[in-house]
Amino acid sequence: MNVEESYDIVIVGAGHAGCEAALAAARLGLETIIFTVSMDSVALMPCNPNIGGSSKGHLVREIDALGGEMGKNIDKTYIQSKMLNVSKGPAVHSLRAQADKVEYTKHMRMTLQAEPHLTLRQAEVSELIYEPVTDTDGETGAQYKVTGVKTFSGAIYHAKAVVLCTGVYLKAMCIYGDTITYTGPNGLMSADHLSDSMTDAGIPLRRFKTGTPPRLDRKSIDFSKMSEQKGDDHIQPFSFTNTEEDIKREQISCWLTYTSEETHEIIHENIDRSPLYSGVIKGTGPRYCPSIEDKVMKFPDKDRHQLFVEPEGEFTSEMYLDGLSSSMPEDVQYRMVHSIPGLENAKIVRPAYAIEYDCISATDLKPSLEFKSVDGLFSAGQINGSSGYEEAGAQGLMAGINAARKLQGKEAVVLSRSDGYIGVLIDDLVTKETREPYRMMTSRAEYRLLLRQDNADLRLTDIGYEIGLIDDERYASFCEKRRLIESEIERLKSVMIGAGKETQEFLSKNNSSPIHTAVSIADIIRRPEFSYDSVKELDKERPDLPLTSEIIEQIDISIKYEGYIERQKRQVEHFQKMEEKKIPADIDYSKVKNLRIEARQKLEAVRPQSIGQASRISGVSPADVTMIMLYLNI
């Protein structure tokens, strides 16, 4: 006799994608069960112990604006917070927080277990249960329909939708030197059976690779030879529900050091022992987060590389050596570490390793993250060929939302590239053939001046409220914030100041050029030397408003960058026109005249939903897009 239970939605995997998917589905009222291979791996940070960073901070704030959990959880558990790229424009400002990784996992697990419609279960899901699609279901275009999952113990869990969030656990293999263990990260059990079931359902799999650096014993490190990296004095929360006063606490320093010429010599001498170069590792690794041996071999002109020594938590002596990801043998790792200033006597607590795993090509998914070939089966996170906790969390949130909405008979929520970084991330994954682990970067977003991390709530909270993940109290507070921003900007544009003596003296005092005719307060704020706060002396009738620093920031950015913002809005209007030109799901590309063979093959594989999406497929030229539009008469 085997266990047999029924749920609305099954989530497979409790990493960052799985947690967001499960919470979203449960909070939308669906009875949800989430499976993890180990309770110790819930929201695990097996690699870098931080959340956010360049472009990734944008994703976390967007997750929060839509009603997700990642931002709230890091606000509870950070040990250092820093805003990156502050010397550049606001479009690339990105928040990054060092996490206490044990506390991060603990608090997320507690959040899952406290959710009324959510069950957390430790078990390995080994098999998908599905059935052929009947004629009446034919409009989905799928060959199969998922009906549940089976665990390795034989237990059956019936479900109307399943979300795969397996991370790097599918047939995982950890490698350093000649040492190979068939486990997931940190020695946790791998998921060795689900891959076969996916293949049986007609889902093609491929091998990707990622890696992690060694962890060191804090007691054995000489920090006097390193540069101390402190957190910011002003703390910016990730979650829009928090203020600085809610979360401010004492921070822990990180440290900066560098590889040496000796480090590079050691790598050159032992490169033949690297599994990456000997052919043992066959999976494709991330271009933008390479191993140290890759960096040294591919950039021979660089005589040193930056390394950050980061604490893994408040209550551990383990330090993370960010920048020294490697799969070198253990003895070579010791020599490499000891060649680095400050680490001459360092002790390795855990060696660096590479990890290979099965994943899918996300072009097999719809923009809703549902498989094209299996009705009701969704996929999110590193299984989709992405890398990073934040990318996983963003996909998990959208997959959980769309699985729930499918069961509720509602239209899927698909964010466009002009809505947010989440829209860029998912569109890139499902449209472009990703041949290596995908990493989010600000350069991937065409409209990044509009998609700033500071205005994520203004862009997405309305959508989160419509979905049902933003409650009435939070939405009312948001609406008041938006009203204050808009009304104060309009007032500043309407208040005029003359070119009198008092004004000229104020401008001269602040090293600003004089004015020769009346201008608005907004015109003065547009000057680089001024801000909303600094022109208060000129703004005689400024009302006493409850303006937070976040509201003032929005006022300043909106006024100073108004011309650039308006230009980008016009670009978005053109983009949206192309997105609105829909392509029928049953289009036969063989009947479209003058399409090149490569374009026809790519279009058949991706099955774009709009002309805009078709134009972004690698291998589809503007001429091919024109042929499609002529064929469809649009």
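A residue counts as buried when its relative accessible area is under 20%, as exposed when that area is over 50%, and as partly exposed in between. With that rule in hand, Glu69 can be placed: its relative accessibility is 5%, so Glu69 counts as buried. The model discussed here is a predicted one, and the points below take up a helix, several salt bridges, two surface patches and a few individual residues.

**Helix α1 and its surroundings**

- Helix α1 covers residues 16-27, and its 12 residues, at 1.5 Å a residue, should span 16 Å, which agrees with the 17 Å found between its end C-alpha atoms.
- Of the 12 residues of α1, 11 are buried, so the helix is largely enclosed by the rest of the structure.
- Among these buried residues of α1 are His16, Cys19, Glu20 and Leu23, together with several alanines such as Ala17 and Ala26.
- Arg27, which lies in helix α1, is partly exposed, because its relative accessible area of 30% falls between the limits of 20% and 50%.
- Just after α1 comes Gly29, a residue whose phi is positive, at about 95°.

**A salt bridge between distant parts of the chain**

- Side chains of opposite charge can pair when their charged atoms come close.
- One such pair is Glu69 and Arg27, whose side chains meet in a salt bridge with a distance of 2.9 Å from N to O.
- This pair links distant parts of the chain, since Glu69 sits in the loop between α2 (56-65) and α3 (70-77) while Arg27 belongs to helix α1, and the two are 42 residues apart.
- The two partners fall into separate classes of accessibility, with Glu69 buried at 5% and Arg27 partly exposed at 30%.

**Salt bridges around helix α15**

- Within helix α15 (residues 501-509), Glu505 and Lys501 lie 4 residues apart, about one turn of the helix.
- An α-helix has 3.6 residues a turn, so residues three or four places apart point the same way.
- Glu505 and Lys501 form a salt bridge, and their closest N and O atoms are 4.0 Å apart.
- Lys501 is exposed, because its relative accessible area is 66%, whereas Glu505, at 47%, counts as partly exposed.
- A further salt bridge joins the side chains of Lys509 and Glu537, at 3.3 Å from N to O.
- The pair of Lys509 and Glu537 links distant parts of the chain: Lys509 is in helix α15, Glu537 is in the loop between α16 (521-525) and α17 (549-560), and 28 residues separate them.
- Lys509 is exposed, with a relative accessible area of 54%, while Glu537 is partly exposed at 42%.

**Salt bridges in the whole model**

- The count of salt bridges in the model comes to 53.
- Some salt bridges are joined into a network, and one such network links Arg417, Asp427, Asp428, Lys432, Glu446, Glu579 and Arg616.

**Patches on the surface**

- A patch of negative charge on the surface is made up of Glu261, Glu262, Glu265, Asp301 and Asp303.
- Asp301, a member of this negative patch, lies in the loop between α9 (292-298) and β18 (306-311).
- Because its relative accessible area is 68%, Asp301 is classed as exposed.
- A nonpolar patch on the surface is formed by Ile180, Tyr182 and Val280, which together have about 270 Å² of accessible area.
- Ile180 is found in strand β13 (residues 179-181), and with a relative accessibility of 34% this residue counts as partly exposed.

**Individual residues to look at**

- Asn73 lies in helix α3 and counts as buried, because its relative accessibility is 0%.
- The C-alpha atoms of Asn73 and Ala99 are separated by 9.6 Å, although the two residues are 26 residues apart along the chain.
- Asn85 is a residue other than glycine with a positive phi, near 65°, and its place is in the loop between β5 (78-84) and β6 (94-99).
- With a relative accessible area of 25%, Asn85 is partly exposed.
- Lys171 is likewise not a glycine, yet its phi is positive, at about 45°, and this residue is in the loop between β11 (161-164) and β12 (173-176).
- At 32% relative accessibility, Lys171 counts as partly exposed.

Note on methods: Residues numbered from 1 in each chain as written. Predicted model: local features only at pLDDT ≥ 70, side-chain atom pairs only at ≥ 80, totals over all residues. Heavy atoms only, no water. Patch = residues over 30% accessible without salt bridge, like charges linked within 9 Å, V, L, I, M, F, W, Y side chains within 5 Å. Areas by Shrake-Rupley, 256 points an atom, 1.4 Å probe, with all protein chains shown as cover. Lys, Arg positive; Asp, Glu negative; His and termini not counted. Charge placed at Lys NZ, Arg CZ, Asp CG, Glu CD. Buried < 20%, exposed > 50% of the residue type's maximum accessible area, 1.4 Å probe, protein only. Expected span 1.5 Å × (residues − 1).
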